[in-house]
Amino acid sequence: MNRLLKEKIFLVTVAVLSVLTVFPLFHILLSVTLHGLPVLLEGGIGFLTGTLASPSDGLGGIGPAILGTFLLVFLSSLIGLPIAIMVGVYAAEYPDSLIGRATKVLLQIMLEFPTILVGLFVMQVVVIPLGSYSVIAGAFALAIVMMPYVAISTEEAMRGLPFAYREAAFALGLTRFKVVFRILIKMARKGVLTGVLIGMAKVAGETAPLLFTAGGASRTYFTGLDRPIGAIPLLIYNLVQQPYENYHQIAWGAAFVLMLIFLTIFIPIRLRIREVRM
């Protein structure tokens, strides 16, 4: 077998494996669109603003779940982003210190940590002491899931900056605080923002942590931070286990709405990544 033939076999093999790798993604996108879009068109605006219908009684709506998803992502970002960015900055500024090395190891562990265990942890420290599922418990769990993505992106963006900028800033007599937060963090903002968007997209589709924290409320809108709240992934999880046909249709429609929300966050990520210069 000559060399040219071996190269062709290799290229064909790589091409086939590449298609097989992305095939499940396109299958998911196509399936959710084919099943979910007709439900959204049939339900109209009422599907986005109404509350869950009774069994075998039409489509109703998923308004509480949509509001709950946005509220949980907002609150988890409010809790997790400042901490994650500070952790990422520390890991970038003190990479050789004991705490800096330990921080990077722990972030990698958190990145791969089963999110259902995060939900169990928050249930022990928040839900059980408060005696109820709540918005704040769900947001706290999602913040823990979000933080490693943001922290690692921040650390990599900061470390990717040319060292000459840091030296020039210190040569002007600036303090480390000013160098980091007035110069370097601004230069690394695209990398930081990429991590923020990836983290938000990740938690927007999370179900496992919310099973033990948010509780789910599909027929009532927001009633307080200490009360249960719905979310689209949680609603889908509950509906697909029901024997009613209309609930399965609602689950497909909710999945399509969730996919639109995810793509709305993901597409800007890709556009941002193209612009990042490390």
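Hi everyone, let's start with the largest pocket: 15 residues line it, and Leu25, Ile28, Leu29, Met259 and Phe262 are the ones nearest its centre. Before I go on, please keep in mind that this is a predicted model. The volume of that pocket comes out at about 360 Å³. Which helices build the lining? At least two residues each come from helix 1, residues 3-43, from helix 9, and from helix 12, residues 245-275. Helix 12 is the top contributor here, giving 8 residues to the lining. As for chemistry, the lining of this largest pocket has 14 nonpolar residues and 1 polar one, with no charged residues.

On to the second largest pocket, which holds about 190 Å³ of space. Its lining is made of Met110, Leu111, Phe113, Thr115, Leu117, Val118, Phe121, Ile144, Val145, Pro148, Tyr149 and Lys202. The elements giving two or more residues to that lining are helix 4 (98-112), helix 5 (115-130) and helix 6 (135-159). Sorted by class, the second largest pocket is lined by 10 nonpolar residues, 1 polar and 1 charged.

Two of those helices also pack against each other, so let me stay with them for a moment, and with how we describe such a pair. Two packed helices are described by the angle between their axes and the distance between the axes. For helix 5 and helix 6, the angle is about 145 degrees and the axes are 9 Å apart. The crossing of helix 5 past helix 6 is right-handed. On the helix 5 side, the contact uses Thr115, Val118, Phe121, Val122, Val125, Val126, Val127 and Leu130, and helix 6 answers with Ile136, Ala137, Phe140, Ala141, Ile144 and Val145. How many of these contact residues are nonpolar, polar or charged? There are 13 nonpolar and 1 polar, and no charged residues in the contact of helix 5 with helix 6. If you have the structure open, look at Thr115, Val118, Phe121, Ile144 and Val145: they belong to this contact, and they are also among the residues lining the second largest pocket.

The next pair is helix 3, residues 63-93, and helix 9, residues 189-204. Their packing angle is about 140 degrees, with the axes 10 Å apart. That angle makes helix 3 oblique to helix 9. Helix 3 passes helix 9 in a crossing that is right-handed. Who makes the contact? From helix 3 we have Thr69, Val73, Ser76, Ser77, Leu81 and Ile85, and from helix 9 we have Val192, Val196, Met200, Val203 and Ala204. Of the residues in this contact, 8 are nonpolar and 3 are polar, while no charged residue takes part.

That brings me to the last stop, the cavities. How many cavities of 30 Å³ or more are there? The count is 1. The volume of the largest cavity is about 40 Å³. Around it sit Thr69, Leu72, Val73, Leu142, Val203, Ala204, Glu206, Leu210, Ala231 and Pro233. Helix 3 and helix 9 are the elements with two or more residues in that lining, and helix 3 gives the most, with 3 residues. By class, the lining of the largest cavity has 8 nonpolar residues, 1 polar and 1 charged. Thr69, Val73, Val203 and Ala204 are part of this lining, and they also appear in the contact between helix 3 and helix 9.

Thanks for listening, and I'm happy to take questions.

How values were computed:
Residues are numbered from 1 along each chain as its sequence is written. This is a predicted model: local features need pLDDT of at least 70, side-chain atom pairs count only at pLDDT 80 or more; totals for chains, interfaces and linings use all residues. Side-chain values use heavy atoms; hydrogens and water are left out. Axes are lines fitted to C-alpha atoms, for helices over the stretch in contact, and angles run from 0 to 180 degrees between N-to-C directions. Helices (H or I, at least four residues) and strands (E, at least two) are DSSP runs, numbered from the N terminus. Angles under 35 degrees count as roughly parallel, over 145 as roughly antiparallel, 65 to 115 as roughly perpendicular and the rest as oblique. A crossing is left-handed if the near helix is turned anticlockwise from the far one by less than a right angle, and right-handed if clockwise. Contact means heavy atoms within 4.5 Å. Ala, Val, Leu, Ile, Met, Phe, Trp, Tyr, Cys and Pro count as nonpolar, Asp, Glu, Lys and Arg as charged, and the others, Gly among them, as polar. On a 1 Å grid over the protein atoms alone, a cavity is a set of points where a 1.4 Å probe fits but cannot get out, and a pocket is an open set with protein on both sides within 12 Å along at least five of seven lines; lining residues have an atom within 4 Å of a point. Grid points are joined across faces, edges and corners, and a volume is the space filled by probe spheres set on the points.
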